[in-house]
Amino acid sequence: MRPNTKLGEIADIYQPQTIASTDCNSGQYLVYGANGVIGRYNQYNHEQPQICITCRGNTCGTVNFSEPFSWITGNAMVINVDNYRNVNKRYLFHYLSAQNFHNIISGSGQPQIVRSPLQKLPIYLPQIQMQVKLSEMLDLLGRRLKTEQNILDKYQRQKAYLLQNMFI
């Protein structure tokens, strides 16, 4: 699989306005920051779901997919493909989730990703029909994995409960 485009050619890449963490305590809209969902806010800055890449801190390079009507802070880089017809957002999310961003992360004390190297990131972009098929398959696998993880968590809690009661 060879790259055939650059991320900056198929997406608008930007950092939104950051809000204070003290403002993320209430509200109806999810707030996405350097650690995925970090709270709730009374406003949103993105109506559509967006791909977000953590661009500061120890989680630098983590890829998230926001919910509709969310606030995305400046601690995440937004990869917005809403204006690009031949790009499936879920495909690009899965593609970026599989990437290793270590070669574009700079800074030693405070790791960060800046826009310029991210724009040059090579992307393999098959025909839109193939992107849709791949994203549907990966979404299905992701849902299955989440279901299996929930079952495993329940078994582990049940085991802990039973062991605790055995030795009382």
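**Exercise 1. A patch on the surface**

Which residues form a nonpolar patch on the surface, and about how much accessible area do they have together?

*Solution.* The structure shown above is a predicted model, and the solutions below should be read with that in mind. The residues to find are Met137, Leu138 and Leu141, which together have about 260 Å² of accessible area. As a next step, take Leu138 and place it in the chain: this residue belongs to helix α4, which covers residues 128-166. Its relative accessibility is 32%, and since the partly exposed class runs from 20% to 50%, Leu138 counts as partly exposed.

**Exercise 2. The nonpolar cores**

Describe the largest nonpolar core, and determine which element gives the most to this core.

*Solution.* Begin with the residues themselves: the largest nonpolar core has 25 of them, and those with the most contacts inside it are Leu7, Ile79, Leu92, Leu96, Phe101 and Leu118. Next, ask where the core residues come from; at least two are supplied by each of α1 (7-10), β5 (51-54), β8 and α2 (89-97). Of the elements, α2 gives the most, with 5 residues. Then look at Phe101 and its surroundings, leaving aside residues up to four places away in sequence: Phe101 touches Ile53, Gly61, Val63, Leu96, Ile113, Leu118 and Leu121. Finally, there is a second, separate core of 6 residues, and Leu30, Tyr32, Cys52 and Val78 are among them.

**Exercise 3. How helix α2 is covered**

How many of the 9 residues of α2 are buried, and what covers them?

*Solution.* First count the buried positions: 7 of the 9 residues are buried, so that α2 is described as mostly covered. By name, these buried residues are Lys89, Tyr91, Leu92, Phe93, His94, Tyr95 and Leu96. Then turn to the cover, which includes the elements α1, β5, β6 (63-65), β8, β11 (122-123) and α4. As a last step, look at the start of the helix, where a side-chain oxygen of Asn88 comes to within 3.1 Å of the backbone nitrogen of Arg90.

**Exercise 4. The salt bridges**

Find the salt bridges in the whole structure, and state for each partner whether it is buried, partly exposed or exposed.

*Solution.* A search of the whole structure gives 3 salt bridges, and they can be taken in turn.

- In one of them, the side chains of Asp82 and Lys89 meet at 2.6 Å, N to O. Asp82 is partly exposed because its relative accessible area is 38%, whereas Lys89, with 14%, is buried.
- In another, the side chains of Arg90 and Asp139 meet at 2.6 Å, N to O. This pair links distant parts of the chain, with Arg90 in helix α2 and Asp139 in helix α4, 49 residues apart. Arg90 has a relative accessible area of 25% and is therefore partly exposed, while Asp139, at 17%, is buried.
- There is also a bridge between the side chains of Glu148 and Arg144, at 2.9 Å, N to O. Both residues lie in helix α4, 4 residues apart, which is about one turn of the helix. An α-helix has 3.6 residues a turn, so residues three or four places apart point the same way. Glu148 is partly exposed, with a relative accessible area of 36%, and Arg144 is exposed, with 54%.

**Exercise 5. Two buried residues in loops**

Where in the chain are Gln50 and Thr73 found, and which residues does each of them touch?

*Solution.* Start with Gln50, which is found in the loop between β4 (36-41) and β5. Its relative accessible area is 1%, and Gln50 is therefore buried. Not counting residues up to four places away in sequence, Gln50 touches several residues, including Asn64, Phe65, Ser66, Ile72, Asp82 and Lys89. For one of these, Asp82, there is a polar contact of 2.9 Å between its side chain and that of Gln50. For another, Lys89, the separation from Gln50 is 39 residues in sequence and 7.9 Å in space, C-alpha to C-alpha.

Now repeat the steps for Thr73, which lies in the loop between β7 (71-72) and β8 (76-80). With a relative accessibility of 2%, Thr73 counts as buried. With residues up to four places away in sequence again left out, Thr73 touches Pro16, Gln17, Thr18, Ile19, Val31, Tyr32, Gly33 and Ile38.

Key:
Residues are numbered from 1 along each chain as its sequence is written. This is a predicted model: local features need pLDDT of at least 70, side-chain atom pairs count only at pLDDT 80 or more; totals for chains, interfaces and linings use all residues. Side-chain values use heavy atoms; hydrogens and water are left out. Patches are made of residues with over 30% relative accessible area and no salt bridge: like charges are joined within 9 Å, nonpolar side chains (Val, Leu, Ile, Met, Phe, Trp, Tyr) within 5 Å. Accessible areas come from the Shrake-Rupley method with a 1.4 Å probe; for residues, only the protein chains shown count as cover. A salt bridge is a side-chain nitrogen of Lys or Arg within 4 Å of a carboxyl oxygen of Asp or Glu. Buried means under 20% relative accessible area, exposed over 50%, partly exposed in between (1.4 Å probe, protein chains only). Contact means heavy atoms within 4.5 Å. A nonpolar core is a set of buried Ala, Val, Leu, Ile, Met, Phe, Trp, Tyr and Cys residues joined through side-chain atoms within 4.5 Å. A polar contact is a pair of N or O atoms within 3.5 Å; within protein, one must be able to donate a hydrogen and the other to accept it, and residues adjacent in sequence count only if both atoms are side-chain atoms.
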